[in-house]
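Hi,

Here is the structure I promised to pass on. Have a look at it first, and my notes follow underneath.

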Amino acid sequence: MKKRPADDNILVIGAGAGGLSAGILLLLLGYRVTVVEKNRVSGGLMRSYVRHGIDCPVGVHYVGALGADEPLGKMFHALGISANDLFLKMGQAGVIDRYIFDDFTFDLPAGLDAYEANLRQACPGDQAALDLLMKNIRKTARAIKDPSFILNQGDPFRNIDQFRPMGELLDEIDASPRLRAILAVPCQLIGVGLTRCPVIFHHMVLAGYLLSSWRPKDGGATLADALTARFTALGGRLILGSGVRKIEVENRRVAGVLLEDGEKLTAGTVVAAIHPRVIAGLLAQNDLRQTERERIMSLRDTESVIVVHAAVGAGHHPALEHNIYRLHQDRHGLITDGFFYQIRPGDKDANLFSAITRSEYSQWDGWEETTSGRRGVAYEEKKRLVAREITERAADVFGPLKNLRVLDVFTPLTVRDYVNCPWGSCYGVMRSADQLLKIVSVGRLSVKGLFSAGQNKVAPGLLGCILGSFQVAAEIAGVPRFTELFRQAL
């Protein structure tokens, strides 16, 4: 455990969900906190943007476990933010997600009992396998609702079998290809394939959405503003439009940061809510041990995505409360290709149609040396062609999209530039079974006073991101002090 810093001044790099929530927690613990953000607005992947009067989400399309007695709901309460003001509960009509495969459709309902019933009906030959799986998923649901899940820094699981690949478990229980295909979808939500996704992360993601699922009331701008307002109301200092050029280190201890504009900020503690590879790039070569730098640089990221936002005729395409996944699987049940769709309220004449699918970073390497807004006509033409292909393929689910008007397309390069993730991955470091030990070691660098936060700390997504902030706050303040302050709230 790292000792409490000698002074109470803390710098946080990155004003996304991880940086802002870490800042709020540290302010509540009595520290003086400054958050530095390279973009002109705070919020990171939380923040939506408006195109032609319609709010377009970026990274938060829906979340799980936000109920009052559930982990994300408890953490929002501890942060002093009302989740009910920001999110709408999904599943009121019985469906959260609809998985449309080539040869069958499966509905993910609200609640573990309904999910088990749907699974048993869809996979009648897998009853013995489902006995074991549902027992484990229910156990995980109970564990993440227990306060120890947050107060023990997100690691109440001690069974090494929980960290083996989900595909290995399904091999052992002889799961059918259909069951494998259904169970592969939660793995997609954290950017890890079924054969590499640790059992515990699969179960945590699935259990969280089954406990309760929620969609932002708008595209995410209100969520970003709420975290920002809470941080500043507590006395936090927010510096926008100022990227960090260097993390200053003296005698192997953090001394502060140097901003791109030349300003120096001093602090005995720096929390970096950014990608590990970016952290390494902000440190001088001799600040890190060579083995640490090599581990960081060898980490694999999750796949990149491309997102299309379009306006569609509201009369022909009403808003849907549930999400739709159109998925293609091989004969073994492994997902080979897929699309995530939402149709959300827009204005009186048009609703917002959103489509997300994978996109290799290498597909856009012709523009790797360019920046957003300055990539030229050829780049815009490629985006237009890809958007047309994606919207045409959506006809397989929705029929021809009526009154279609593409509002925006963002690529892995857009994500890379916006949140400084080197290869444009929305979920950062891939938390695969073969990388877990390496990721843990990277989270404990030898530079004293330097801590990591964000979705690369514990787990991806909003739940994992904020859970990582609770973990880093406990590391800085010490577990007893942290527990004393937040036990009642949690």
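Let me begin with a loop: Asn 420 sits in the one between helix 14 (412-419) and helix 15 (436-442). Keep in mind throughout that this is a predicted model. What caught my eye about Asn 420 is the backbone, with a positive phi of about 60° even though the residue is not a glycine. As a rule, most residues other than glycine have a negative phi. Asn 420 counts as partly exposed, because its relative accessibility is 34%.

Ala 65 is another non-glycine residue with a positive phi, again about 60°. Its place is the loop between strand 5 (63-64) and helix 2 (71-79). Is Ala 65 buried or exposed? Its relative accessibility is 0%, so Ala 65 counts as buried.

While we are on helices, Ala 474 belongs to helix 16 (residues 461-477). With 0% relative accessibility, Ala 474 counts as buried too. If you want a distance to check against your own scripts, take Ala 474 and Asn 420: they are 54 residues apart along the chain, and their C-alpha atoms are separated by 26 Å.

His 203 is found in helix 8 (residues 199-211). Its relative accessible area is 0%, which means that His 203 is buried under the 20% cut-off. Which residues does His 203 touch, leaving aside those up to four places away in sequence? They are Asn 136, Ile 137, Thr 140 and Met 166.

Now the strands. Strand 5, which came up next to the Ala 65 loop, is part of an open sheet of three strands in the order 5-9-6, with antiparallel pairing. Strand 5 and strand 6 (87-89) are the edges, each pairing on one side only. Between strand 5 and strand 9 (residues 213-216) there are two bridges, and the two strands run antiparallel. Gly 64, for instance, has Ser 213 of strand 9 as its bridge partner.

A parallel pairing turns up elsewhere: strand 1 (residues 9-13) and strand 2 are joined that way over five bridges. Within that pair, Val 12 is matched with Val 35 in strand 2. Why call strand 2 (residues 32-37) largely enclosed by the rest of the structure? Because five of its six residues are buried.

Stepping back to the whole chain, here are the overall numbers:

- The chain holds 17 helices and 20 strands.
- The C-alpha trace spans about 60 × 55 × 40 Å along its principal axes.
- The radius of gyration is 22 Å, which agrees with the value near 23 Å that a compact globule of 490 residues would have.
- Of the 490 residues, 59% are buried.
- Among contacts with a separation of 6 or more, 73% are between residues 24 or more positions apart.
- The exposed area is about 19,900 Å², and carbon and sulfur atoms supply 50% of that.
- There are 58 positive and 53 negative charges, and their mean positions lie 4 Å apart.

If you only have a minute, I would open the two positive-phi spots, Ala 65 and Asn 420, and then go to His 203 with its neighbours, Met 166 being one of them.

Cheers

Terms used: Residues are numbered from 1 along each chain as its sequence is written. This is a predicted model: local features need pLDDT of at least 70, side-chain atom pairs count only at pLDDT 80 or more; totals for chains, interfaces and linings use all residues. Side-chain values use heavy atoms; hydrogens and water are left out. Helices (H or I, at least four residues) and strands (E, at least two) are DSSP runs, numbered from the N terminus. The radius of gyration is taken over C-alpha atoms; the globule rule is 2.2 Å times the number of residues to the power 0.38. Buried means under 20% relative accessible area, exposed over 50%, partly exposed in between (1.4 Å probe, protein chains only). Contact means heavy atoms within 4.5 Å. Accessible areas come from the Shrake-Rupley method with a 1.4 Å probe; for residues, only the protein chains shown count as cover. Lys and Arg count as positive and Asp and Glu as negative; His and the chain ends are not counted. The place of a charge is taken as NZ of Lys, CZ of Arg, CG of Asp or CD of Glu. Two strands pair if DSSP finds at least two bridges between them.
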